[in-house]
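User: I have this model open and would like to go through a few spots. Let's start with the strands.

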Amino acid sequence: MNRFKAWLAHINLSGGTTALLVLICAVLAVVLDLVGPRAQLPFLLGGILVSLLIGALVSASLATEKKAQKAKLSMELDTWEHVFENATEAIVLADAERKILRVNPAFGRLTGYSALDVVGKTPGLLRSSRHNEQFFAAILSQLAAVGFWQGGVWQKRKSAEEFFSMVSVLGVKGRDGKTHRYVYLMSDVTEQRQRTDDFAQFAYQDILTGLPNRYLLHDRLANAVEVARRDKNPLALMFIDLDRFKVINDSLGYEVGDLLLIETARRFKQVLRGSDTLARLGGDEFVILLPEAGGIGSVTDIAEELNQVMAPPMQVKGRDIHIGASIGIALYPRDGESALALMKNADTAMYRSKAEGPNGFRFFDHAMNASAVERMELESALRRALQRKEFVMHYQPKINLSTGQNAGAEALIRWISPEHGPVAPSDFIPLAEETGLITKIGDWVLDEVCRQLAEWRDKGIAPQQVAVNVSARQFLDERFSEKVVLILEKYKLEPSSLELELTEGTMMANPEAAVKQLLRLQALGVVVSVDDFGTGYSSLTYLKRLPIGTIKVDQSFVRSVNADDDNAAIVAAIQGMAEALGMTTVAEGIETEAEEDHLRESGCTYGQGYHYSKPLSVEDFERWMAERNQAFGSKPV
């Protein structure tokens with residue numbers, strides 16, 4: 001019996017197996033009660049044996065299953081350990097009080113701390129001063145509420161170097177519903193953050209100058225308008241466009257243009273307060289936002305200072321370059337109560353300023369809106385004018401002051417628009433320059449004048465020489481001299497029959513390029529004259545280097561030259577300089593006989609103005625030449 005008990009103990013029956021044996025024994029008891037006394041013993045022994053056999057089989061099956069579960073658990077633990085040890089992300093295991101229990105090797109590589117350094121401490125030892133207590137309190141609050149938090153955190157390595165980390169924190173709860181463990185996952189995303197910051201910087205910052213761009217300006221302007229509306233404070237907005245920049249940029253190249261823009265931004269910053277915003281919209285357009293601008297007088301002072309800082313030449317790559325700034329100003333709430341209205345009206349005022357002359361400023365007034373609409377309509381009509389052949393050439397005679405004979409003419413373009421009627425050159429020429437149409441118009445003028453010269457030659461009535469005004473864009477194009485050659489060959493003209501008039505500002509915008517272009521034209525035999533001399537930025541150093549045949553004295557000095565001592569002195573100085581440099585002079589705008597007499601006595605070679613004739617159509621000029629030649633004689637063509 002003792003041996004039997006020992007055997008039963010050895011087979012280690014489970015609770016389920018024991019229950020099954022009890023059930024079998026109950027069934028045996030019932031059966032034994034039904035059979036006779038003689039059969040009870042065999043049935044009892046057989047039942048016991050069957051029960052033990054079944055129990056053994058069941059126990060063996062359960063033991064196998066338990067062993068498999070244990071092996072599976074061991075494999076999962078090994079897998080977790082492998083992941084923990086080899087993960088590229090730093091992993092921290094902490095207890096319910098967030099004290100660190102374990103860290104993986106990646107944690108050491110990320111932070112510089114070993115396990116001995118951190119076990120028993122909290123992850124707070126990585127905190128950066130960039131975050132305040134409220135930031136970390138918000139993290140703990142979310143962990144308590146949902147058991148999870150994820151986000152970017154600035155942290156500090158053992159070396160005190162800061163890095164930006166993406167952190168995930170998971171609270172692990174037990175069967176009691178309480179959090180017993182915290183798992184932290186960390187990865188260094190400093191480079192990704194820097195790229196994001198760079199993108200945000202590029203999105204709101206002008207790359208060239210470092211100034212706010214149009215997007216950041218619009219945000220600041222919208223906010224400034226709201227503040228001005230709330231506090232009832234004045235606000236000023238300045239729209240700035242640089243004078244002569246496009247010509248310089250086209251002729252000297254974008255590298256020089258970029259340097260000019262950088263220098264312009266630097267100069268503007270000198271004038272502005274820390275609360276002001278200077279932004280670059282693109283190209284040569286700048287905008288200045290002046291919150292709490294004060295009265296019109298204060299804004300005027302700032303505008304004048306901006307013009308003053310642009311007055312000195314900019315030295316770029318050994319060149320002295322002059323550019324100015326045309327400024328349009330809109331005031332809140334007088335000129336608009338929204339950011340859009342202020343921008344539009346400041347832009348309109350800027351165009352009015354540019355039309356009135358370089359390096360100036362204008363405040364917006366509501367009459368300008370009508371002008372702005374008219375300007376847009378005029379621009380559309382101007383673009384169609386060449387196709388519709390709406391331009392015609394007029395010719396203003398040039399007189400030899402010594403003999404009174406006709407010495408040629410100046411070709412002047414006229415525009416007869418079907419929608420607008422006759423449009424003054426002072427209205428459409430600046431518009432053509434701003435829109436870039438001046439090059440196409442200038443090419444047409446050059447071709448048309450040469451065609452007309454050829455026609456006059458064939459008729460035997462050609463003037464000695466016809467001067468054509470050349471825009472800065474045309475002249476500073478490296479292909480310009482080639483165009484001149486092709487047109488002269490096209491109409492079989494002598495180069496000396498053509499004179500090219502350039503403004504002083506055109507040549508002084510890029511003297512180096514001007515010298516190269518003039519030398520090419522000189523080699524062709526084409527005469528070049530300087531128009532409006534004395535009104536720009538002439539430098540005698542450059543002037544003596546330029547192969548120029550004629551200087552045209554501006555009409556502002558010719559007017560009343562016989563009675564105005566200052567004008568007389570200026571004309572005498574220009575005449576003396578021209579003679580010293582071997583140049584001839586043409587006086588523009590002669591209106592009286594007294595002016596003519598004074599200029600003749602001063603030594604001026606040629607004269608031009610209403611005293612002789614206004615600009616004439618082709619037919620009227622032909623009649624004028626015939627009459628002049630009959631009265632004063634003519635030189636052979």
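Working through the model

User: Which residue in E2 is the bridge partner of Ala 94?

Analyst: The partner of Ala 94 is Ile 100 in E2. Strand E1 (residues 90-95) is joined to E2 by 3 bridges, and the two run antiparallel. Strands (E, at least two residues) and helices (H or I, at least four) are DSSP runs numbered from the N terminus, and two strands pair if DSSP finds at least two bridges between them.

User: How far should I trust this?

Analyst: This is a predicted model, in which local features need pLDDT of at least 70 and side-chain atom pairs count only at pLDDT 80 or more, while totals for chains, interfaces and linings use all residues. Residues are numbered from 1 along each chain as its sequence is written, and side-chain values use heavy atoms, with hydrogens and water left out. The mean pLDDT (the predictor's confidence in each residue, from 0 to 100) is 82, and 82% of the residues reach 70 or more.

User: Where does pLDDT stay under 50?

Analyst: Over residues 4-13, where the model has 10 contacts beyond four places in sequence. Contact means heavy atoms within 4.5 Å.

User: Back to the sheet. In what order do its strands come?

Analyst: The order is E2-E1-E5-E4-E3, an open sheet of 5 strands with antiparallel pairing. Strand E2 (100-103) and strand E3 (148-156) are the edges, each pairing on one side only. On average, neighbouring strands in this sheet are turned by 25 degrees against each other, direction ignored.

User: Which helix lies across E3?

Analyst: Helix H6 (residues 133-146), which also lies across strand E4 (162-173) and strand E5 (179-188) and runs at about 155 degrees to E3. Axes are lines fitted to C-alpha atoms, for helices over the stretch in contact, and angles run from 0 to 180 degrees between N-to-C directions.

User: New topic: why is H9 described as largely enclosed?

Analyst: Because 6 of the 8 residues of helix H9 (residues 245-252) are buried. Buried means under 20% relative accessible area (1.4 Å probe, protein chains only). The buried set is Phe 245, Val 247, Ile 248, Asn 249, Ser 251 and Leu 252. Gly 253, just after H9, has a positive phi of about 100 degrees.

User: Is Arg 267 buried or exposed?

Analyst: Arg 267 is buried, with a relative accessible area of 8%. Arg 267 sits in helix H10 (residues 254-271).

User: What is Arg 267 in contact with?

Analyst: Setting aside neighbours within four places in sequence, Arg 267 contacts Val 309, Met 310, Pro 312, Pro 313 and Met 314. Val 309 is 42 residues away along the chain, yet its C-alpha atom and that of Arg 267 are separated by 6.2 Å.

User: And H8 with H12, at what angle do they cross?

Analyst: Roughly 115 degrees, with the axes of helix H8 (residues 214-231) and helix H12 (residues 339-356) coming within 9 Å. That makes H8 roughly perpendicular to H12, a label for angles of 65 to 115 degrees. Leu 217, His 218, Leu 221, Ala 222 and Val 225 of H8 meet Ala 339, Leu 342 and Met 343 of H12.

User: Last one: which way do the residues of E19 point?

Analyst: In strand E19 (residues 550-553), Thr 550 and Lys 552 point one way, Ile 551 and Val 553 the other, and all are buried. E19 runs parallel to strand E20 (residues 584-587), joined by 4 bridges. Thr 550 has Thr 584 as its bridge partner in E20.

How values were computed:
Buried < 20%, exposed > 50% of the residue type's maximum accessible area, 1.4 Å probe, protein only. Parallel < 35°, antiparallel > 145°, perpendicular 65-115°, else oblique.
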